[in-house]
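Let's go through some labels on this model and ask what earns each of them.

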Amino acid sequence: MAADPVPRSIQMPCLSKMERLVLSMQDPDQGVKMQNQRLLVTVVPHTVTGRAVVQWLVRKHLIAEAEALHLGSLLLRHGYLYALCPPCSPLLHSEALYRFQTPYFWTNTLRPVADLDYAIYLAKKSIQKRGALLSHEKDARDQLHRRLGYLWDLVGSQAREQLRAAGRQRKADRLVVMCQEQAFWLVVRPPPGVPNVLEQGPERGPGSRPVWMTETVDFYKQEIQHLRTALGRVHVKSSICLEAFLRFSCQHGPHDPILSGCLPSNPWVTGDTTYWAMNASSVPVPTKLRVQRWAFSFWELLGDPMGRARFMDFLQTEFSAENLSFWEACEELRHGGQAQVPALVDAVYHQFLAPGAARWVNIDSRTLERTLAGLQRPHRHVLDDAQLHVYLLMKKDTYPRFLKSELYKTLLADAVVPPETKRVFPVLLKPQHSSPGPAPLPASGGGGGEA
């Protein structure tokens, strides 16, 4: 018996988050305001505009309008919103009309669809539009016809029966059901050149870019330009790559506890926690290996709380400690709570960026202009450009002087080199197994033991 497929809620946890967001958007009191909309002579109930969705996301989650537009477009691409009027664009437009997808068509709760269902949908669409299918839909129908030739009479009869049942519904209901099915199949069976949002894994090259009209001249011009750029890209020889990898391995080898061991003893084997205590976030004197790692890269220095504190001491001697303080404030803004974002942005501006600030940082005029423009709608990434400018300034200017300073040389000379110790257990411990041991073999010889 074949095993049941893994539900998409386990494969893609983002779908559960999207569904919770959609449910909150449909709340009758706190959700998006819906209204009836007339399309020609048909009145469609419970419609929303793209502008209403973006405004609700901005007001509810305190995010920037660009981020809200991106989030709304993700809901549209995953089929939780669908457009009522063609063309079916993957981007959320402010004036377009949308409806929320019914939970029956949610991709999180459905099993993988069969080819027979897709064939019935294409046959029904061909009958409705008198054969006017898109090119990729015609190719898919021809392939399914060859594959399911013995069932094609069933496909045609099911399509006509569904259309006959839909004819007894109101025109607005028929329009809604047609748009729901179209949105569902655009997610489950996307056209060629459109990335499948239900697939996980690394990006797959130029064909996976969000190109929605693959048969246009602009698309092929973009493809040709992309391939020409790829051909002109400078490639590094494998020998140079191997030399760089060898240098990296030789540099990091003594600092790897698995390859070179750890002093004074291995806590995973001996049970002695001295190694962890000597390499804690804050200790009176760091180990020599820890101080040496600060010279590997600037990011290694900032990633170590003690190294960052010593770097702050050096910056204070050069009267430029505000650069590191600004970088730390930007990190707090980026990884802090969403509700505190406006207050943190205001505090960082008045402390580091405002004219006459107490700890003013030196930022070029173009970066400062973009940052001040983004402060009109604060969000957690509004200071990224300024933070990157200050980070590169410290990396290229202050960090090399720190490694050549007497402060770093003193730290390296006074660092601790832990002696090796061995712990002898008084009794022999029984080795632990991750799984039960094998069943004992039955004793040989005759007998009428129990089965």
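**Strands and salt bridges**

Strand β2 (residues 42–49) and strand β4 (residues 97–100) run antiparallel and are joined by 2 bridges. This is a predicted model, where local features need pLDDT of at least 70, side-chain atom pairs count only at pLDDT 80 or more, and totals for chains, interfaces and linings use all residues. Residues are numbered from 1 along each chain as its sequence is written, and side-chain values use heavy atoms, with hydrogens and water left out.

Q: What makes β2 and β4 a pair of strands?
A: Two strands pair if DSSP finds at least two bridges between them. β2 and β4 have 2 bridges, so they pass. Thr-49, for instance, has Leu-97 in β4 as its bridge partner. The strands themselves are DSSP runs (E, at least two residues; helices are H or I, at least four), numbered from the N terminus.

Q: Why do β1 and β3 count as edges of the sheet?
A: The open sheet has 4 strands in the order β1-β2-β4-β3, with antiparallel pairing. β1 (35–39) and β3 (81–83) each have a single partner strand, so one side of each has no neighbour in the sheet.

Q: Why is the contact between Arg-401 and Glu-318 called a salt bridge?
A: The term asks for a side-chain nitrogen of Lys or Arg within 4 Å of a carboxyl oxygen of Asp or Glu. Here the N to O distance is 2.5 Å, so the pair qualifies. Arg-401 is in helix α20 (residues 384–404) and Glu-318 in the loop between α16 (305–317) and α17 (321–335), so parts 83 residues apart in sequence are tied together.

Q: How do you know that Arg-401 is partly exposed?
A: Buried means under 20% relative accessible area, exposed over 50%, and partly exposed in between (1.4 Å probe, protein chains only). Arg-401 comes out at 34%, so it counts as partly exposed. Its partner Glu-318, at 29%, gets that label too.

Q: What makes Asp-384 and Arg-334 a salt bridge?
A: Their side chains meet at 3.1 Å, N to O, so the cut-off is met. Asp-384 lies in helix α20 and Arg-334 in helix α17, so the pair links parts 50 residues apart in sequence.

Q: How do you know that Asp-385 and Arg-370 meet in a salt bridge?
A: The N to O distance is 3.4 Å, so this pair qualifies as well. Asp-385 is in α20 and Arg-370 in helix α19 (residues 365–374), so parts 15 residues apart in sequence are tied together.
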